[in-house]
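Here is a short briefing on one protein chain. Look over the sequence and the model first, then read on.

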Amino acid sequence: MLRVSQLLIAVFASITASGLQAECAYPDAVDIPDGARSTYEEMRDSQAFIKEYMAEMETYLACLEQAATSDANELTGDEESVRTQRRYSAIDAMESVAAQFNEQVRVFKQTNP
C-alpha cells in the first residue's frame, strides 16, 4: 500500500512539474574566469561563452513568455507566481553573470595594463 501511495505521489508531482516547466530548459551555469590569473585568450574565450549563455537565457525567457501566453487561461495563481519567479530569477542570474564578468575584465585590465 505504501508503494502505491508513493507511486501516485510521484506521478502527480511529475505531471504538475512538467506543466509548470513548459518544456523550457534553463541553461547551464557559466564559469567566470579570474581576471588576475587569466590570459588574454582565456578572457576572450570566456567572453564568447558569456555571450552564448546570455543568448540561451534569452531563449529560456522567450520560452517562458510563450508558455505563459499559451496557457494564460489555464494557469492557477500559484502556477503564474512560479512562472513569474522563474522569469525574475533568470533575469537576476543574467545581471549577476554580466556584473561578475565585467568585474573580472576590470581586474584583468588592471593586472595586465
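Which residues have the most contacts inside the largest nonpolar core? They are Ile50, Tyr53, Met54, Met57 and Val97, in a core of 16 residues. The model is predicted, with a mean pLDDT of 80. The points below go from the overall layout to single residues.

**Confidence**
- Of the residues in the protein, 76% reach a pLDDT of 70 or more.
- Residues 1–22 fall below 50 in pLDDT. Beyond near neighbours in sequence, that stretch has 8 contacts in the model.

**Layout**
- The protein has 3 helices and 0 strands. From the N terminus, the order is α-α-α.
- The chain holds 113 residues, and 26% of them are buried.
- Among contacts with a separation of 6 or more, 82% join residues 24 or more positions apart.
- About 8,100 Å² of the protein is exposed. Carbon and sulfur atoms supply 55% of that area.

**Helix lengths**
- Helix H2 has 31 residues, which should span 45 Å at 1.5 Å a residue. Its end C-alpha atoms are 45 Å apart, so the model agrees with the expected span.
- Helix H3 has 35 residues, with an expected span of 51 Å at 1.5 Å a residue. Its end C-alpha atoms lie 51 Å apart, so expectation and model agree here too.

**The core between H2 and H3**
- Two elements give two or more residues to the largest nonpolar core: helix H2 (40–70) and helix H3 (77–111). H2 supplies the largest share, 8 residues.
- In soluble globular proteins, nonpolar side chains tend to be buried together.
- The buried residues of H2 pack against H3. They are Met43, Ser46, Ile50, Tyr53, Met54, Met57, Tyr60, Leu61, Leu64, Ala67 and Ala68.
- On H3, the buried residues are Arg83, Ala90, Ala93, Met94, Val97, Phe101, Gln104, Val107 and Phe108.
- An α-helix has 3.6 residues a turn, so residues three or four places apart point the same way.
- Which residues does Met57 contact, leaving aside neighbours within four places in sequence? Met57 meets Tyr26, Pro27, Ala90, Ala93 and Met94. Of these partners, Ala90, Ala93 and Met94 are among the buried residues of H3.

**The disulfide**
- A search of the whole structure turns up 1 disulfide. Cys24 and Cys63 form it, with their sulfur atoms 2.0 Å apart.
- This pair links distant parts of the chain, 39 residues apart. Cys24 sits in the loop between helix H1 (2–21) and H2, while Cys63 is in helix H2.
- Is the link of Cys24 and Cys63 left-handed or right-handed? The link is left-handed, with -85° about the S-S bond.
- Cys24 counts as buried because its relative accessibility is 12%, and the cut-off for buried is under 20%.

**Gln104**
- Gln104 is in helix H3. Its relative accessible area is 18%, so Gln104 is buried.
- Not counting residues up to four places away in sequence, Gln104 touches Ile32, Pro33, Asp34, Gly35, Ala36 and Met43. One of these partners, Met43, is a buried residue of H2.

Notes:
Residues numbered from 1 in each chain as written. Heavy atoms only, no water. Core = buried A, V, L, I, M, F, W, Y, C linked by side-chain atoms within 4.5 Å. Buried < 20%, exposed > 50% of the residue type's maximum accessible area, 1.4 Å probe, protein only. Helix = DSSP H or I, 4+ residues; strand = E, 2+ residues; numbered from the N terminus. Contact = heavy atoms within 4.5 Å. Areas by Shrake-Rupley, 256 points an atom, 1.4 Å probe, with all protein chains shown as cover. Expected span 1.5 Å × (residues − 1). Disulfide = S-S within 2.5 Å. pLDDT = per-residue confidence, 0-100.
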